[in-house]
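Open your viewer, get your selection tool ready, and follow along stop by stop. Here is the structure to load.

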Amino acid sequence: MANYYQKEIETMSREDMQKLQSEKLIKQVKHVYENVPYYKNLMDEKGITPDDIKGIDDLHKLPFLTKADLRDAYPYGLLAKPLEDCVRIQSTSGTTGRRVVAFYTRKDVDLWEDCCARAIVAAGGSNKDVCQVAYGYGLFTGGPGLNGGSHKVGCLTLPMSSGNTERQIRFMTDLSATILCCTPSYAAYIGETLKEMGYKPEDIPLKAGIFGAEPWTEEMRRGIEATLGIKAYDIYGLTETTGPGVAFECSEQTGMHINEDHFYAEIIDPDTGEVLPEGSKGELVFTSLDKEAFPLLRYRTRDICVLTRKECSCGRTLVKMAKPMGRTDDMLIIRGVNVFPSQIETVLLNEGYQPNYQIVVDRVNNNDTFEVNVEMTPEIFTDKVGEIIAMEKALANAMKAMLGINPAVHLVAPKSIARSEGKAVRVIDKRKLI
Ligand code: ADP
Ligand code: ZN
């Protein structure tokens, strides 16, 4: 039986949702226009005033905001409330450049935690659960967001933060944690450690995991589910909009429901800015409909994905986003071909490897070099050179079939690539240093 945290919103008819979104948008545009000179200037340049926005269908008239605007306006330039009304600051992880900061009023924290609570309930969580939060706590939004959601649901919350894996496992087993929240790469690492310690999936008390904050493939999901003996749910978010919980997965596991009563999603062509119809692949753009302190309008996330309104078996009517394929800015262009790390990961898991790899790109004599270092698993470990060369060749061929270009694959010893307790570092692009 499907379970909801805020049933009325999560199962609202399309018509009522659009009405709610329109009402909120009209108010929000006024709020931003009157309180954020930076955005007012952008609107003035486009010749738009709040009177031009009569509902959600007028959203496309508004200018976009980009990460560059956030960096430009750092730290207070996009703040829409006096600092006296703000109670929290969080910051991005800085995966792709300088960190940006976001501000929250008490109401903003509250709605953010509601979103995380919806995610936990959708993953089967209730006040009978012990929820182990192994996302980092601090400026990173993962720990604080899921911690707040877990409280709202009434779970017994274990605020572990990331790292110290042996302690994670001791608390998980001693205190019978049933839900684990962390990045997928850390979940894989915890699973690997449990396996080495002799735990079988049925000995592990967990029943569900809520994993996000970085891209991960279906193959990686299946691997984590098998090792930990759980159902693994995806969760998506970004600091600029709040943090995790902007979108969350339900039991159907075919994409994440967007909390569109708070965050309105559009898909645009990243080159032209044109809004694309449902089902098209493009860049995800979010508008905060009711955040007070840091309400971004038409914020370009650079995440590439697809939206769908196909009926969902869980009963939720919230629009769904597919797993992001990666970001426009972590797409590598190697010898003119687009390569996403997620494609490499898919090949590795299909070929029986673990997602422990690193892509190294460089430029030598004006030609791109493309190497993929992949760990051997203990099961296939060998030191016979002939066997290693044959395995490397097979893997390179499988990658060529997926990508259209040929990498140099190097198999390396098990455990020789650093594990991540937060977001994994998959790419070393030395070309940027030139
Ligand atoms: P940074 O942009 O510095 O990494 P954040 O910590 O706020 O800052 O991370 C937000 C970004 O993380 C998103 O824009 C997206 O690229 C990525 N992300 C978050 N959740 C997911 C997910 N479930 N799947 C894929 N990518 C995700
Ligand atoms: Zn659903």
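Are α5 and α6 roughly parallel or roughly perpendicular to each other? Before you select them, bear in mind that this is a predicted model.

**Stop 1: two crossing helices**

Select residues 106-122 for α5 and residues 142-153 for α6. Their axes lie 7 Å apart and meet at an angle of about 70°. An angle of 65 to 115 degrees counts as roughly perpendicular, so that is the answer for α5 and α6. To see the contact, show side chains on the α5 part, including W112, C116, I120 and V121. On the α6 part, the residues to show include P144, L146, K152 and V153.

**Stop 2: a second pair**

Now move to α2 (residues 14-35) and α3 (residues 37-46). Here the packing angle is about 105°, and the axes are 6 Å apart. These two helices, α2 and α3, are therefore roughly perpendicular to each other as well. From α2, the contact uses V29, V32, Y33 and N35. From α3, P37, Y39, K40, M43 and D44 take part.

**Stop 3: the zinc ion**

Next, select ligand 2, a zinc ion. Which residues coordinate the zinc ion? Show C250, C312 and C314, each of which donates through SG, and H257, which uses NE2. The coordination distances run from 2.1 to 2.2 Å. If you check the angles among the four donor atoms, you should find 103 to 114°, and the site is tetrahedral. For reference, the ideal angle for four tetrahedral donors is 109.5 degrees.

Along the sequence, the donor residues follow the spacing C-x6-H-x54-C-x1-C. C250 sits in the loop between β8 (244-249) and β9 (256-258), while C312 sits in the loop between β12 (299-308) and β13 (320-321), so this pair ties together parts that are 62 residues apart in sequence. Turn on a surface, and you will find both C250 and C312 buried.

**Stop 4: D261**

Follow the chain to D261, in the loop between β9 and β10 (263-268). Is D261 buried or exposed? It is buried, with a relative accessible area of 2%. Its side chain makes a polar contact of 3.3 Å with the side chain of H262. Leaving aside neighbours within four places in sequence, select I9, M17, L20, K24, R118, L289 and D290 to see what D261 is in contact with.

**Stop 5: D269**

D269 is in the loop between β10 and β11 (281-288). A polar atom of the D269 side chain lies 2.7 Å from the backbone nitrogen of D271. Beyond its neighbours within four places in sequence, D269 is in contact with E274 and L276. Try a C-alpha distance too: D269 and L284 are 15 residues apart along the chain, and their C-alpha atoms are separated by 9.2 Å.

**Stop 6: L296**

Now select L296, in the loop between β11 and β12. At 2% relative accessibility, L296 counts as buried. Not counting residues up to four places away in sequence, L296 touches L65, L70, L78, E240, F286, T287 and S288. Add A80 to the view: it is 216 residues from L296 along the chain, yet the two C-alpha atoms are separated by 9.6 Å.

**Stop 7: a covered helix**

How many of the ten residues of α10 (residues 341-350) are buried? Nine of them are, so α10 is mostly covered. To see what covers the buried residues, display elements including α9 (218-228), β16 (337-339), β17 (357-364), β18 (367-375), α11 (385-403) and β20 (427-429). Just after α10, G352 takes a positive phi of about 90°.

**Stop 8: backbone details**

Most residues other than glycine have a negative phi, and most peptide bonds are trans. With that in mind, go to S176, in the loop between α7 (165-174) and β5 (179-182). Its phi is positive, near 50°, and at 39% relative accessibility S176 counts as partly exposed. Then select N366, in the loop between β17 and β18. N366 also has a positive phi, near 65°, and counts as exposed at 71% relative accessibility.

Finish at P75, in the loop between α4 (67-72) and β1 (86-91). The peptide bond from Y74 to P75 is cis, with omega near -5°.

Conventions:
Residues are numbered from 1 along each chain as its sequence is written. Chains are lettered from A and ligands numbered from 1 in the order in which they are written. This is a predicted model: local features need pLDDT of at least 70, side-chain atom pairs count only at pLDDT 80 or more; totals for chains, interfaces and linings use all residues. Side-chain values use heavy atoms; hydrogens and water are left out. Donors are N, O and S atoms within 2.8 Å of the metal (3.2 Å for Na, K and Ca); water is not among the atoms, so sites may look incomplete. Four donors count as tetrahedral if all angles lie between 85 and 135 degrees; four count as square planar and six as octahedral if opposite donors are over 155 degrees apart and all others between 65 and 115; anything else is irregular. Helices (H or I, at least four residues) and strands (E, at least two) are DSSP runs, numbered from the N terminus. Buried means under 20% relative accessible area, exposed over 50%, partly exposed in between (1.4 Å probe, protein chains only). A polar contact is a pair of N or O atoms within 3.5 Å; within protein, one must be able to donate a hydrogen and the other to accept it, and residues adjacent in sequence count only if both atoms are side-chain atoms. Contact means heavy atoms within 4.5 Å. Axes are lines fitted to C-alpha atoms, for helices over the stretch in contact, and angles run from 0 to 180 degrees between N-to-C directions. Angles under 35 degrees count as roughly parallel, over 145 as roughly antiparallel, 65 to 115 as roughly perpendicular and the rest as oblique.
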